[in-house]
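User: Please give me a close reading of one part of this model, following how the chain is arranged there and what empty space lies around it. I work at the bench, so please state the cut-off behind each term once.

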Amino acid sequence: MGTQPQPDSDDLRLFHTGEHACGYWPERTARDLVLDPRDPRLRDWYPHALGWGFRRSGDIVYRPHCSGCRACVAVRIPVDRFVPDRSQRRCLARNADVEMRVCTAERSEEQLDLYKRYLASRHAGGGMDSHGAVEFDQFLIGSWSENRFLELREPGHGRLLAVAVTDVVDQALSAVYTFYDPDLPERSLGTLAILRQIEWARRERRSHLYLGYWIAGHPKMDYKRRYRPLEAFDGRDWRVFTHL
């Protein structure tokens, strides 16, 4: 990681990383803006950083800042105005029996087993499929963030189906990462996890659910445009998402 600070603020140091392999398009290289990970006020800055289009991965708060590429667009759902479409309503009906529980972000063996199964199915050969307990804690929990695990289970506190790792800030929730049973595609558990996070945010009167980055045409990122209305960060302000 590069160490050239950006002179954007006297109070908060930003670093521009060196070039590294793009995590979304393997033929491209990428660079990021990173908030100083050694700043003891990082937890206090984090809610503001979400509003500036940043995202958390472990203890790192970053925003893509690539030369000649603006494919990654930060998006968020204004939860009070969200209306599920027909496909999303079918998903909710199909999973009406699924129980939802928000719990402390502490790894269990059951969660770790599901995480490893998910990575082996969805990210085989990509490096993440070798993750174990240490990587789970570093990537999903971190040392300073206030986060929760939203668990989705079969009725009666039954089998664990999915875990949505969610950061909690004053006015919003941020969807950090979701892993789920790869053998149950008929349940559309990724969609269900977002819909239940919206319910959670609405219940606690939080204004937005941050979804990370939308990338047009990317098979694993383009789905976010299906949540309407959606807001996108243009580098200065949040505006209504207009891509259909």
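Analyst: The account below follows one stretch of the chain, then one residue within it, and then the empty space.

The model is predicted, so local features are reported only at pLDDT of at least 70 and side-chain atom pairs only at pLDDT 80 or more, while totals for chains, interfaces and linings use all residues. Residues are numbered from 1 along each chain as its sequence is written, and side-chain values use heavy atoms, with hydrogens and water left out.

The starting point is strand 12, residues 172-180 (strands, E, at least two residues, and helices, H or I, at least four, are DSSP runs numbered from the N terminus). Strand 12 is mostly covered, with nine of its nine residues buried (under 20% relative accessible area with a 1.4 Å probe, protein chains only; exposed is over 50%, partly exposed in between).

Strand 12 has a partner in strand 11, residues 160-169. These two strands pair (DSSP finds at least two bridges between them) in the antiparallel sense, over eight bridges. Within this ladder, Val165 has Tyr177 of strand 12 as its bridge partner. The connection between strand 11 and strand 12 is a hairpin of two residues.

Strand 12 also pairs with strand 13, residues 208-214, here in the parallel sense and over three bridges. One of the bridged pairs joins Ala172 to His208 in strand 13. To get from strand 12 to strand 13, the chain passes through helix 5, residues 189-203, in a right-handed β-α-β crossover (with the strands pointing away from the viewer, the path over the helix runs clockwise).

Trp214 belongs to strand 13. Its relative accessible area is 5%, which is why Trp214 counts as buried. In contact with Trp214 (heavy atoms within 4.5 Å) are Ala71, Cys72, Val73, Val75, Met221, Asp222, Lys224, Arg225, Phe241 and His243, leaving aside residues up to four places away in sequence. Trp214 and Arg76 lie 138 residues apart in sequence, yet their C-alpha atoms are 9.7 Å apart in space.

The empty space comes next. A search of the whole structure finds one cavity of 30 Å³ or more (on a 1 Å grid over the protein atoms alone, points where a 1.4 Å probe fits but cannot get out). This largest cavity holds about 50 Å³ (the space filled by probe spheres set on grid points joined across faces, edges and corners). Its lining residues (an atom within 4 Å of a point) are Leu50, Gly53, Phe54, Arg55, Ala74, Val75, Ser174, Tyr210, Gly212, Tyr213 and Trp238. Strand 8 and strand 13 are the elements that give two or more residues to this lining. The largest share, three residues, comes from strand 13. Val75 thus appears twice in this account, as a contact of Trp214 and in the lining of the cavity.

There is also open space to describe. The second largest pocket (an open set with protein on both sides within 12 Å along at least five of seven lines) has a volume of about 310 Å³. Fifteen residues line this pocket, and Arg63, Pro64, Arg70, Cys72 and Gly235 are the closest to its centre. Strand 7, residues 60-64, and strand 8, residues 73-78, are the elements that each give two or more residues to the pocket lining. Cys72 is therefore a link between two parts of this description, being both among the contacts of the buried Trp214 and among the residues closest to the pocket centre.
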